[in-house]
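Me: I am new to this structure and keep meeting terms I would like to see justified. Could you walk me through them?

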Amino acid sequence: MLFHVKMTVKLPLDMDPAKAAQLKADEKALAQRLQQEGTWRHLWRIAGHYANYSVFDVADVETLHDTLMQLPLFPYMEIDIDGLCRHPSSIHADDR
Ligand SMILES: O=C(O)CC1=CCC(=O)O1
């Protein structure tokens with residue numbers, strides 16, 4: 001199942017810079033592993049915002065929830081999710 005996920009990161013302004021840097025490095029490592037595995041299909045920065053639009057390919061909603069909760073930045077994110085299904089006019093037959 002495909003899900004469009006918007007993640008907006010809101011780190012506390014007074015967070016220790018070293019802790020913030022470690023969280024971002026850990027987030028990057030996991031995000032890149034999930035991309036290599038095919039779970040995190042797309043990752044786009046939203047221009048002008050500390051936020052991204054992503055597409056996740058997971059078995060079900062529970063798996064999406066568990067995956068998002070693993071993210072090191074999860075406690076500092078606002079997350080909006082939309083379920084995706086194939087558009088009848090799409091030419092991309094492999095999108096489902
Ligand atoms: O910077 C972000 O939008 C949050 C994030 C997701 C994956 C990553 O490496 O950072």
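Reply: Happy to; the questions below take the ligand and then a salt bridge, and the model is a predicted one.

Me: What makes Val9 part of the surroundings of the ligand?

Reply: A residue counts as near a molecule if one of its heavy atoms lies within 4 Å of it. Val9 is on the list of residues around the ligand, together with Glu27, Lys28, Ala31, Trp40, Arg45, Tyr50, Ala51 and Asn52. Sorted by type, this shell has five nonpolar, one polar and three charged residues.

Me: Why is the approach of Arg45 to the ligand called a polar contact?

Reply: The cut-off for a pair of N or O atoms is 3.5 Å. A polar side-chain atom of Arg45 is 2.7 Å from a ligand oxygen, so the pair qualifies. Asn52 qualifies too, because its polar side-chain atom is 2.8 Å from an oxygen of the ligand. Of the 280 Å² of accessible area that the ligand has on its own, the protein covers 88%.

Me: Which elements give two or more residues to the shell around the ligand?

Reply: They are helix H1 (17-37), strand S2 (40-45) and strand S3 (51-57). H1 provides the largest share, three residues. The space that the ligand takes is the largest pocket.

Me: How do you know that Lys10 and Glu78 form a salt bridge?

Reply: The rule asks for a Lys or Arg side-chain nitrogen within 4 Å of a carboxyl oxygen of Asp or Glu. For Lys10 and Glu78 the closest N and O atoms are 3.1 Å apart, so the pair passes. Lys10 sits in the loop between strand S1 (2-9) and H1, while Glu78 belongs to strand S4 (residues 77-84), 68 residues apart. By this rule, the count is three salt bridges.

Key. Residues numbered from 1 in each chain as written. Predicted model: local features only at pLDDT ≥ 70, side-chain atom pairs only at ≥ 80, totals over all residues. Heavy atoms only, no water. Polar contact = N/O pair within 3.5 Å; in protein donor to acceptor, adjacent residues only side chain to side chain. Areas by Shrake-Rupley, 256 points an atom, 1.4 Å probe, with all protein chains shown as cover. 1 Å grid on protein atoms, 1.4 Å probe; cavity = no way out; pocket = protein on both sides within 12 Å on 5 of 7 lines; lining within 4 Å. Sits in = over half its atoms within 2 Å of the grid points. Helix = DSSP H or I, 4+ residues; strand = E, 2+ residues; numbered from the N terminus. Nonpolar A, V, L, I, M, F, W, Y, C, P; charged D, E, K, R; others polar.
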